[in-house]
Structure formats: C-alpha cells, structure tokens
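Notebook open, viewer open. I want the fold first, then the sheet, then the helices, then the overall numbers.

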Amino acid sequence: LLCIFGVTKPKPDGKRVVWLLGTDTLDKHTRIFFFLFKFIADNWIKKYGTLFNHVHGKNKKSLRWLRYLGAKFYAPITASTGEEFILFTLGGADNV
C-alpha cells in the first residue's frame, strides 16, 4: 500500500477538501507517484473546481509535492497546539 486519498463533498462555499495519507513505501516510488497523482488532481480540478486543505509547515515532502501540483499557499496559521499549518488551494480562480 502506497497511500489512500480522496476529495470531500463540497463545503458551503463549493470548495472541496483534498486529502492524502501516505506510507513509508511511497518514498520509494516518488517519481511515478508525482506523475500519476498530477493526472488525478488535474481531473479532480476539472470536475470539482477549487480544492483546498492545510499542510503542516514543517512537512517539506508534502510542500514540495504540492508545489509540483501547482498549489497556491497562504499565510501560515498557528494551531492551539502551537504547530504551524499552511492553507493551500489547487485549481479554480484562486490559482489563476
């Protein structure tokens, strides 16, 4: 198992949350995963429009992957735990 991923039903603003949980095995197949998931994400964007979520500010692998997908990043927020998270969007007018 490399990962599981999905997209939620639309929020009131019409946007959907995109999510992915990866295993350590994913590190061994990064190139093919980047290529295949780019194809999947592009299709979701065409079908659903803007996708969004938050990524941990120290998660360098995820930030790199999201940049490759064309994510737009917003100002970090600090959670009640003190951890920093960064809102990102994929597709839609937010990424033009």
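**Fold, end to end**

I read along the sequence and got the pattern β-β-α-β-α-β-β. My tally of the secondary structure is two helices and five strands. Note to self: this is a predicted model.

**The sheet**

In what order do the five strands sit in the sheet? I traced β1-β2-β3-β5-β4, an open sheet with mixed pairing. β1 and β4 (72–78) are the edge strands, each pairing on one side only. I also looked up the twist, which averages 25 degrees from one strand to the next.

**Pair by pair**

I started with β1 (residues 3–7) and β2 (residues 16–22), which run antiparallel and are joined by five bridges. Within this pair I found V7 opposite V18 of β2.

Next I took β2 with β3 (residues 51–56): this pairing is parallel, over two bridges. V17 has F52 in β3 as its bridge partner. What lies between these two strands in the β-α-β unit, and what is its hand? Helix α1 (residues 30–48) does the linking, and the unit β2, α1, β3 is right-handed.

Then I moved to the other neighbour of β3. Six bridges tie β3 to β5 (residues 84–90), and the two strands run antiparallel. Here I noted V55 standing opposite I86 in β5.

**Helices on the sheet**

Which strands does α1 touch? I listed β1, β2, β3 and β5, and the direction of α1 makes about 15 degrees with that of β1. For α2 (residues 60–69), which also packs on the sheet, the list is β2, β3, β4 and β5. The direction of α2 makes about 155 degrees with that of β3.

**Whole chain**

I checked the radius of gyration against the globule rule. A compact globule of 96 residues would come out near 12 Å, and the chain has 13 Å, so the two agree. The C-alpha trace spans about 35 × 35 × 25 Å along its principal axes.

How much of the chain is buried? I noted 28% of the 96 residues, with buried meaning under 20% relative accessible area. The exposed surface comes to about 6500 Å², and carbon and sulfur atoms supply 60% of that.

Last entry, on contacts with a separation of 6 or more: residues 24 or more positions apart account for 52% of them.

Note on methods: Residues are numbered from 1 along each chain as its sequence is written. This is a predicted model: local features need pLDDT of at least 70, side-chain atom pairs count only at pLDDT 80 or more; totals for chains, interfaces and linings use all residues. Side-chain values use heavy atoms; hydrogens and water are left out. Two strands pair if DSSP finds at least two bridges between them. Helices (H or I, at least four residues) and strands (E, at least two) are DSSP runs, numbered from the N terminus. A crossover is right-handed if, with the strands pointing away from the viewer, the path from the first strand over the helix to the second runs clockwise. Axes are lines fitted to C-alpha atoms, for helices over the stretch in contact, and angles run from 0 to 180 degrees between N-to-C directions. Contact means heavy atoms within 4.5 Å. The radius of gyration is taken over C-alpha atoms; the globule rule is 2.2 Å times the number of residues to the power 0.38. Buried means under 20% relative accessible area, exposed over 50%, partly exposed in between (1.4 Å probe, protein chains only). Accessible areas come from the Shrake-Rupley method with a 1.4 Å probe; for residues, only the protein chains shown count as cover.
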